[in-house]
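Got your viewer open? Grab the selection tool and follow along, one stop at a time.

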Amino acid sequence: MENSGQGRSGGGAGPQAEKPKEPEGRKPRRPREQGGGILMGRPFGVPVYVAPSWFLVAALITWVFGGQLDRVLPELGRARYLVSLFFAVAFYASVLVHELAHTIAALRFRLPVRRIQLQFFGGVSEIEKDAETPGREFVLAFVGPLLSLVLAGVFYLGMQTVQPGTVPGVLLAGLMISNLIVAIFNLLPGLPLDGGRMLRAVVWKITGNPMSGTVAAAWVGRGLAVAVLVGLPLLTQAGSLGDGNEGFGSVDSLTDALLAAILAAIIWTGAGNSLRVARLRERLPELTVRTLTRRAVPVEPATPLSEALRRANDAGARALVVVDTDGAPTAVVRESAIVGVPEHRRPWVAVSGLAQDLKDGMRVSAELAGEELLDTLRATPATEYLVIEETGEIYGVLATSDVERAFVAAMARPQQ
């Protein structure tokens with residue numbers, strides 16, 4: 001399953017602070033990313049993480065597949081769980097190949113891929129931007145299920161070279177069936193599944209509006225979630241009744257209902273998230289530096305804070321910029337530092353002691369907007385930025401807190 005989304009926000013999409021070096025003689029710890037899990041490698045330069053939930057699913061697969069092996073190959077004894085664990089790892093390796101297909105296609109289309117994460121019920125490729133055309137969107141979504149189908153075919157051919165009823169035969173059969181299921185499930189036409197992204201591309205092509213495609217595919221995804229919640233237990237129950245097994249209320253039926261509820265929740269939530277991300281991207285052009293910038297007044301470094309604030313109030317400004325004797329800006333006075341100075345001390349505190357020197361990347365153009373604005377701020381994290389015109393004149397100060405509030409407002413749940 002492929003997911004494209006603005007960094008979580010993507011997401012975390014900014015540069016991380018430099019980590020301290022490990023003391024000499026101490027074994028280095030495995031790299032981790034907050035919310036990402038354990039870093040396993042960087043194929044094609046894209047980090048691959050294994051979420052903690054994967055270990056729970058691997059244990060569940062090992063237990064369930066081990067029970068099946070006990071019926072098919074009882075002579076294995078307890079060794080069946082080692083074979084089952086190998087199957088779990090091989091299955092998720094197949095899921096990784098599925099996600100790598102999305103990643104390679106995204107890189108081919110020059111779309112940044114933040115990471116791949118293997119987690120509960122599969123994997124996610126976090127692609128930070130949408131495809132530029134519906135055709136590329138369709139290809140980007142289709143390559144994952146296509147690779148799963150190819151793997152199913154490869155494992156089927158492998159089955160022809162081994163004896164049935166043996167460990168290799170059972171493993172190859174299990175991997176063939178599981179990859180076939182992954183391909184078919186992901187081809188279902190509803191977001192956040194790959195089939196939903198393919199449906200989005202088709203509606204986008206017909207209507208010329210990517211948002212229309214997202215809305216259609218998301219609502220189909222929600223309908224699919226309801227169908228899974230209701231239909232999966234009924235289908236499995238109908239099969240068990242045909243075999244003369246226990247009816248509703250049995251352990252198997254309760255397990256099927258729980259599995260259906262989890263799958264339905266994942267699909268429903270993913271469809272809703274797709275709507276919110278699409279609405280965010282639709283509104284991103286509204287996030288402009290000019291509309292978010294605070295008016296600022298220039299002050300000399302030795303100016304007392306009380307005097308600087310008086311000038312700002314008289315000018316109707318909300319920010320202070322420190323300038324040198326030639327009027328060139330050198331620093332921005334931090335709002336948090338101003339708040340921390342008691343009013344009775346402000347006549348004795350110079351603004352230079354509350355200012356942050358302007359570093360590379362802290363001067364931003366007044367013409368920035370949308371994703372270009374967010375990318376610029378991620379590149380140089382700061383609390384305030386100096387906004388300048390193309391002529392080099394000071395336009396004002398951009399506060400990160402103002403951008404965050406505008407971002408949250410744009411991310412509000414759409415009324416669909």
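Is Val-226 buried or exposed, or partly exposed? Select Val-226: it is partly exposed, with a relative accessible area of 44% (buried means under 20%, exposed over 50%, partly exposed in between, with a 1.4 Å probe and protein chains only). Before moving on, note that this is a predicted model, where local features need pLDDT of at least 70, side-chain atom pairs count only at pLDDT 80 or more, and totals for chains, interfaces and linings use all residues. Residues are numbered from 1 along each chain as its sequence is written, and side-chain values use heavy atoms, leaving out hydrogens and water.

Val-226 sits in helix 6 (helices are DSSP runs of H or I, at least four residues; strands are runs of E, at least two; both are numbered from the N terminus).

Next, jump to the sheet. Strands 11, 12 and 13 form an open sheet in the order 11-12-13, with mixed pairing (two strands pair if DSSP finds at least two bridges between them). Color strand 11 (363–365) and strand 13 (394–399): they stand at the edges with a single partner strand each, so one side of each has no neighbour in the sheet.

Now add strand 12 (residues 384–388), which pairs with strand 11 in the parallel sense over three bridges. To see one bridge, pick Arg-363 and its partner in strand 12, Leu-386.

Last stop: select helix 12 (residues 400–410), which packs on the sheet and touches strand 12 and strand 13 (contact means heavy atoms within 4.5 Å). Helix 12's direction makes about 65° with that of strand 13 (axes are lines fitted to C-alpha atoms, for helices over the stretch in contact, and angles run from 0 to 180 degrees between N-to-C directions).
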